[in-house]
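Q: Please take a close look at a single part of this model: the sheet architecture, together with any covalent link between cysteines that touches it. I would like a connected account rather than a list.

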Amino acid sequence: MESKWPNTIRKRILFTGFTLCVVLATKPTSAIDIHADPEVTVQNGTAGVLRCTFKSSEVVSSHTTVTWYFQSSQPDNQFSKAPYVIYYFSNGQGFPGQEEFKDRVQFIGDINKRDVSIQLSPTQFSDNGTFFCDVKNPPDVKGTQARTELRVVLKESLPQSKTTVIVAGVCGALVLLVLIAVAACIVMRVLHNRHDYEGCTSLESMNSEAPQPRKKVESRVEGSRSTSPSGQRQGPVIYAQLDHSGSKNSFHKMEPVVYADIRKN
């Protein structure tokens, strides 16, 4: 009876282990998401950064590996037939691949932050093509490689960034507004000066006109006589031309002069 217990326990352990192996083997593995810039344009002879990040539900460990591939877009290039490994990262160390990229590829990412970017310096026209970023983070080993199209161009062919275009547009609009304001001030000042000049000219023309002297009016005696309230006769009213100023240009004014009739009734 005692000899059967060990056999029973042994069978249970074997059965439990077999079940765990089946469960682990049939457990579906989660996919890893890898992201990279779709297109990168750099100037020939400068440093080009190829960014690549990944998302994984598993903890990053020493078993995480990173592989960068390159396939040239130029038919006469040696890397145009198929993607070639240019950089491999594993267990915290990087291993350059092809001799063409050995001294120009540098790992600038942080594997713990899920950043596996590299820098290519200096860039050459022969680097035009597609770069592939592949990450394995066991058990997350399934995932689609990220692709980046690299364009190496001359400085004159570099596209302007959106920030540069916006700043240039704002500066141009401000300059245009300033020019419009200055032009408006100049036009208003010219019109104002012209209006003042015309006003002065009209005033001067009016002042320059000399008054026309009146014709001398000969003295005449009114035939009519008026009767005073006291009944005395009033002498004839004689209009005389008097000159008060004595100047040549003075106006001549006609004033009535009354001479009393001193004759006795």
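A: Two strands are taken to pair if DSSP finds at least two bridges between them, and that rule underlies the strand partners described here for what is a predicted model. Strands of a sheet pair through backbone hydrogen bonds, either parallel or antiparallel.

The part to begin with is an open sheet of six strands, whose order is β2-β11-β10-β5-β6-β7 and whose pairing is mixed. Its edges are formed by β2, covering residues 39–43, and by β7, covering 93–96, each of which pairs on one side only. On average, neighbouring strands in this six-stranded sheet are turned by 20° against each other, with direction ignored. At the β2 edge, the partner is β11, made of residues 146–153, and the two strands run in the parallel sense over five bridges; within this pairing, T41 has R151 of β11 as its bridge partner.

Following the strand order from β2 past β11 leads to β10, and this is where the covalent link enters the picture. The structure holds one disulfide, which joins C52 to C133 with a sulfur-to-sulfur distance of 2.1 Å. This pair ties together distant parts of the chain, since C52 belongs to strand β4 (residues 52–55) while C133 belongs to strand β10 (residues 129–136), and the two cysteines are 81 residues apart. The torsion about the S-S bond of C52 and C133 is about -90°, and the disulfide is therefore left-handed.

Accessibility completes the view of the cysteines. C52 has a relative accessible area of 0% and is therefore buried, the cut-off for that term being under 20%. Its partner C133 likewise has a relative accessible area of 0%, so C133 is buried too. By contrast, C185 has a relative accessible area of 52% and is therefore exposed, because that word applies over 50%.

A further sheet can be set beside the mixed one: three strands form an open sheet in the order β3-β9-β8, with antiparallel pairing. Its edge strands are β3 (48–50) and β8 (105–107), and each pairs on one side only, while neighbouring strands here are turned by 25° against each other on average, again ignoring direction. Three bridges join β8 to strand β9, residues 118–120, in the antiparallel arrangement, and in that pairing V105 stands opposite L120 of β9.

Note on methods
Residues are numbered from 1 along each chain as its sequence is written. This is a predicted model: local features need pLDDT of at least 70, side-chain atom pairs count only at pLDDT 80 or more; totals for chains, interfaces and linings use all residues. Side-chain values use heavy atoms; hydrogens and water are left out. Helices (H or I, at least four residues) and strands (E, at least two) are DSSP runs, numbered from the N terminus. Axes are lines fitted to C-alpha atoms, for helices over the stretch in contact, and angles run from 0 to 180 degrees between N-to-C directions. A disulfide is a pair of cysteine sulfur atoms within 2.5 Å. Buried means under 20% relative accessible area, exposed over 50%, partly exposed in between (1.4 Å probe, protein chains only).
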